Amino acid sequence: MNMLSRHPYLRPSLTLLLVFTLITGLAYPLLTTGLSTLLFRTQAQGSLIELDGKPVGSALIGQGFSRPDYFWGRPSATADSAYNAMASAGSNLAVSNPALDKLIAQRVAALRAANPQSALPIPVDLLTASGSGLDPQISVAAARWQLPRIASARKLSAERVEQLIRDNTSAPLAGFTGQPVVNVLTLNLALDRATHN
């Protein structure tokens, strides 16, 4: 008496295991990858932003800008280096944690030192990191708060910088699911084009 005759459910179980492994482990991933690449090519390849045919970043992951002639994004809470997509995480500091107060105070001091022309309160998204630590966008208020510094550093009129902010602002889906945001990388690339043209 062989094993299959002693265990009548073994053959159908193994057959189903093989069939579902082929369907869910091979066919389905290949189908969804193929369809997403065909229908959503840019998104399937990481929403890359190119300059002169070379990728300079992704529309989905922020970058650390610190030069005075560039807009700055949200602070990044990723562990070993800013905007490290392999270490996506928030700081997990509670609002009652003194370390968070100290961090916010340091950010306020750095932003005030870099933007002495901006007397208005600093928008909260320039002071706090997001849950992912990778946000590529800032609020329109955060971009406008930095406008005087950018206009001065780039020797552009405030109106021209304001227009660049408007041109790089994305409205929320359906107009009511969130606030308008500005992609920092695309805005900084637009600044470079405006300055060098």
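**Salt bridges and burial: exercises**

Glutamate 162 has a relative accessibility of 17% and counts as buried (under 20% relative accessible area; exposed is over 50%, partly exposed in between, with a 1.4 Å probe and protein chains only). The model is predicted: local features need pLDDT of at least 70 and side-chain atom pairs pLDDT 80 or more, while totals for chains, interfaces and linings use all residues. Residues are numbered from 1 along each chain as its sequence is written, and side-chain values use heavy atoms, without hydrogens and water.

**Exercise 1.** Identify the salt-bridge partner of glutamate 162 and place the pair.

*Solution.* Step 1: the partner is arginine 166, with the closest N and O atoms 3.5 Å apart (a salt bridge needs a Lys or Arg side-chain nitrogen within 4 Å of an Asp or Glu carboxyl oxygen). Step 2: both residues lie in helix 6, four residues apart, about one turn of the helix (helices are DSSP runs of H or I with at least four residues; strands are runs of E with at least two). Step 3: salt bridges with shared partners join Arg144, Glu162 and Arg166 into one network.

**Exercise 2.** Locate the residues of the salt bridge between arginine 154 and aspartate 192, and state their burial.

*Solution.* Step 1: the side chains meet at 2.9 Å, N to O. Step 2: arginine 154 belongs to helix 5 and aspartate 192 to helix 7, 38 residues apart, so the pair links distant parts of the chain; arginine 154 is buried at 8% relative accessible area, and aspartate 192 is buried at 17%.
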